[in-house]
Amino acid sequence: MPAASTVHPLTRDQARALHLAAQGLLQPPATRATAKALRQCIARMQLLQIDTIHVVARSPYMVLYSRLGPYPRAWLEAALADGHVFETWAHEACFAPMDDLLLHRAYNRAARQHWGLADAQKSHAQQRQHLDKLLTHIAETGSVKSSDFERTQGQGGAWWGWKDEKRWLEALFASGELMVARRENFHRVYDLSQRVAPQALAEEAAGPTPNPQVVHGQFIARAAAALGITQARWIHDYFRIKPRLKDADLDALVVAGTLLRVAVEGWDVPGYVHRSQQALLKKAARGALVASHTTLLSPFDPVVWDRERATGLFGFDYRLECYTPEPKRVYGYFVLPILCRGALIGRLDAKAHRAEGVFEVKALYAQPGLKWTAEQVQDVAQAIAQCAAWHDTPQVRITATSPASLKVALNRAVKSQSTVWPSWNRPAQL
């Protein structure tokens, strides 16, 4: 195994700071959010996972909010419609920078093993005639939504039933014959790929097609860059590549200088840092990365979407329970991790009652064994109040906390918060 970097071993806190800095979560945003900053945020993360649950803001909006502060949610739809980002299967369904389109297309066709792609392959094998008919319809009449093909009062319409139609659209999306041109009320609008991304598709046709094995190596390196610091076994999950990696699998990238091996106190395996993050590594090693950001995270935030990594880096055992039967849930339906100055100190089950303007904290749990300081209470109260204001639900209602004594202090701190945004960060429209 190639030798580790000459950087002195990082402490666990320094490793966490490096990870958060790479993810854009080390410090609060220093400037007002812009549409360009939103696109840069997605590029830094490489992927922005999509999920439709909206008891609070849908996950992709929430992930961006945690890093940018308040911004108009329409900016994400505009980035898609204007061709700055595209949708693809990767970690799961994700937005990714348009510059990476051909990499994902090549990898999805030849190498990625994912249930969404596997289901699509079955449709292509068994129902190609229907797929071709649908492609002809879109070519002749323009972009479509799955709802355009809904049944009416239980009867078949001019086209097929909704369930078949949705499956066929998704199969054509997975194969790359269709792309998502835009979203309307967060519903996908599909169109021919050559109409959505004509320049990229022309480049693809002119060849050569990216080699899937080369792309595989690039995704390993990109995952390491996005994570800031990582163990070998955490890398594969970021882009959902297989198999899970071992240290020996990274030897060639270490020899080439693409990755640096770094020791972390308390880890029995080396950490890996991408060469593009060397400046952050040096700052981390001398204790110059100071975590000062407090915010609520989406359950699908890259910081917590890998349960093993969240445990290894933060000592935070996190599992999304919305797909767990209610009697078996421990914390709640859609629980948001609480990031406070470099640590995950708790979680809360929230719901935005938009019609009433109420942001309900159904339950808030401090990390077991952790007694929050007065400063942490104030930081979390401010994060809750600001997140509530961004949701247009400025009235915060805290129903229960664990420990129970935390409720009074949090309520008092929330009521003391101003929901007026600083002038540099007040969104133009929400």
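These notes go through a sheet, a helix that lies across it, and several salt bridges in a predicted model.

1. **The sheet.** Start with the three strands that form an open sheet. Their order is 1-3-2, and the pairing is antiparallel. Strand 1 (48–49) and strand 2 (85–89) are the edge strands, each pairing on one side only.

2. **Strands 1 and 3.** Strand 3 covers residues 93–97. Two bridges join it to strand 1 in the antiparallel sense. To find the pairing in the model, look for Leu48: its bridge partner in strand 3 is Phe95.

3. **The helix across the sheet.** Helix 4 takes in residues 74–81. It lies across strand 1, strand 2 and strand 3. Relative to strand 2, helix 4 runs at about 85 degrees. Just after helix 4 comes Gly83, with a positive phi of about 80 degrees.

4. **The buried side of helix 4.** Which residues of helix 4 are buried? They are Leu76, Ala79 and Leu80. These residues lie on the same side of helix 4 because they cover an arc of only 100 degrees around the axis. Several elements help to cover them, including helix 2 (35–45), helix 3 (59–68) and strand 4 (178–184). Strand 1, strand 2 and strand 3 are also among the covering elements.

5. **Salt bridges: a pair within helix 1.** How many salt bridges does the structure hold? There are 24. One of them joins Arg16 to Asp13, with the closest N and O atoms 2.1 Å apart. Both residues sit in helix 1 (residues 12–23). They are three residues apart, about one turn of the helix. Is Arg16 buried or exposed? Its relative accessibility is 15%, under the 20% limit, so Arg16 counts as buried. Asp13 has 53%, over the 50% limit, so Asp13 counts as exposed.

6. **Two further pairs.** Asp191 forms a salt bridge with Arg195, and their closest N and O atoms are 2.7 Å apart. Asp191 is buried, at 11% relative accessible area. Arg195 counts as partly exposed, at 39% relative accessibility. Asp148 forms a salt bridge with Lys145, where the closest N and O atoms are 3.8 Å apart. Asp148 is partly exposed, with a relative accessible area of 45%.

7. **A network.** Side chains of opposite charge can pair when their charged atoms come close. Which residues are linked in a network of salt bridges? Glu87, Lys166, Glu170, Arg183 and Arg188 are.

Terms used
Residues numbered from 1 in each chain as written. Predicted model: local features only at pLDDT ≥ 70, side-chain atom pairs only at ≥ 80, totals over all residues. Heavy atoms only, no water. Pairing = 2+ DSSP bridges. Helix = DSSP H or I, 4+ residues; strand = E, 2+ residues; numbered from the N terminus. Contact = heavy atoms within 4.5 Å. Axes fitted to C-alpha atoms, helices over the stretch in contact; angles between N-to-C directions. Buried < 20%, exposed > 50% of the residue type's maximum accessible area, 1.4 Å probe, protein only. Arc of directions from axis to C-beta. Salt bridge = Lys/Arg side-chain N within 4 Å of Asp/Glu carboxyl O.
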